[in-house]
Every structure is written in C-alpha cells, then in structure tokens.
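Reader: Pick one spot on the surface of this one and walk me through it close up, then carry on to whatever lies around it in your account. I'd like the cut-offs as you go.

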Amino acid sequence: MDDWIFVALLGAAVVHIFEEYIYPGGFPDAFRKLLPRAAHLFTLKFHLVVNGLFLLLCLSSAFIGKANLVLSLSVFGLIFANAMLHIRGAIVRKKYYPGIISGALIYIPLVVYAYYVFLSSRQLTWLQARLSFLLGLLYMGVLMAYVLIQQVSDNGHPGPRE
C-alpha cells in the first residue's frame, strides 16, 4: 500500500535532475558561482558521477523498501538536505537557483509525508526515523567533505586556485 512512496522518490529525483540540467537548467553554472573556490572540481564527470550515484541510491531505496526502513528512508534525508541546499542557493544568490522548485515543492513534502506514513503506522520508531534521517544527511556530508578535501589538496589550502 505505501510502497509507492519509494517509486515516487525515484520519480522526484528524475524531475529534480531535469529541472537542474534540462529545463530551465543551468545548475552547473549556478553551482560554480555559488562555490567559486571549488568551481574547478565541478566538471561534467563530477556531475555525472554524483547524479549517477544519487539515482543508484534512489533505486536501492525502491528495491529495499519496507524491508529496511532505516536504510530506504535515509535517501529521503538526503533529498531533504539537497532541497535545503537549493533553498540556500536561492537565498544567497537572491534569485532562482536551479532545482529549488522541485526541491521545495516535491522533495520536502515527499520527505514529510514518507516519515509521517511510517511513523504514524508504527512501522518506524522515532529513534529509527532520526537514525535514518541522519544517515541521509551524512550522504550529503560525505559529498561536501569530498569537495572540501579536493579543494584543499588541489590548492594546498582552502581558497581560489592560482
């Protein structure tokens, strides 16, 4: 009955990536402008690998489903963090930031609904929900740490390349 939520996650991810890269698109440039010191890292390969891994996580969540809610719902924590970063991007740039519409109007409501469904039906405890959500945030944290580490190792110190 509530397995559809995991398929909806994959659909939301596709819509989000479509908004970022196809229509209206412009995410790579907006991302570089938001983080200019790390702009050299944001290559086509970087975007393909990150989004490929993201879609793989969404597929894994759909396959795992209710068999392990902590793991499958962790991807919902990831999309919540992603939505927050897009909202932050729009606030910092003071204009449209690619991905903010799907992040705010699809990702956030989907996350709230998914956790509501599994918490209210008692298929998930509050402790499991927190663990799941934190695991999703950790996924984003790993990506951010990678960017920071690469930036430092490429430059010898944080800051713009010379």
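Author: Let's start with Tyr-96, which counts as partly exposed because its relative accessibility is 33% (buried is under 20% relative accessible area, exposed over 50%, partly exposed in between, with a 1.4 Å probe and protein chains only). Bear in mind that this is a predicted model, where local features need pLDDT of at least 70 and side-chain atom pairs pLDDT 80 or more, while totals for chains, interfaces and linings use all residues. Numbering runs from 1 along each chain as its sequence is written, and side-chain values use heavy atoms, leaving out hydrogens and water.

Tyr-96 sits in the loop between α4 and α5 (helices are DSSP runs of H or I, at least four residues, numbered from the N terminus). It joins Val-15, Ile-101, Leu-105 and Ile-106 in a nonpolar surface patch of about 440 Å². Such a patch takes residues with over 30% relative accessible area and no salt bridge, with nonpolar side chains joined within 5 Å; a salt bridge is a Lys or Arg side-chain nitrogen within 4 Å of an Asp or Glu carboxyl oxygen, and areas are Shrake-Rupley with a 1.4 Å probe. Helix α5 (residues 100-120) gives the patch its largest share, three residues.

Stay in that α4-α5 loop and you also meet Lys-94. Its phi is near 60°, positive even though the residue isn't a glycine, and at 73% relative accessibility Lys-94 counts as exposed. Arg-122, in the loop between α5 and α6, also has a positive phi, about 60°, without being a glycine; with 76% relative accessibility, Arg-122 counts as exposed. For another backbone quirk, go to the loop between α1 and α2, home of Pro-24: a cis peptide bond links Tyr-23 to Pro-24, with omega about 0°.

Now for the largest pocket, with a volume of about 1,100 Å³. On a 1 Å grid, a pocket is an open set of points with protein on both sides within 12 Å along at least five of seven lines, and lining residues have an atom within 4 Å of a point; the volume is the space filled by probe spheres set on the points. Its lining has 42 residues, with Phe-31, Phe-46, Met-140, Leu-143 and Val-147 nearest the centre. By type, the lining splits into 30 nonpolar, eight polar and four charged residues. Helices supplying at least two lining residues each include α4 (69-93) and α6 (126-155).

Key. On a 1 Å grid over the protein atoms alone, a cavity is a set of points where a 1.4 Å probe fits but cannot get out, and a pocket is an open set with protein on both sides within 12 Å along at least five of seven lines; lining residues have an atom within 4 Å of a point. Ala, Val, Leu, Ile, Met, Phe, Trp, Tyr, Cys and Pro count as nonpolar, Asp, Glu, Lys and Arg as charged, and the others, Gly among them, as polar. Patches are made of residues with over 30% relative accessible area and no salt bridge: like charges are joined within 9 Å, nonpolar side chains (Val, Leu, Ile, Met, Phe, Trp, Tyr) within 5 Å.
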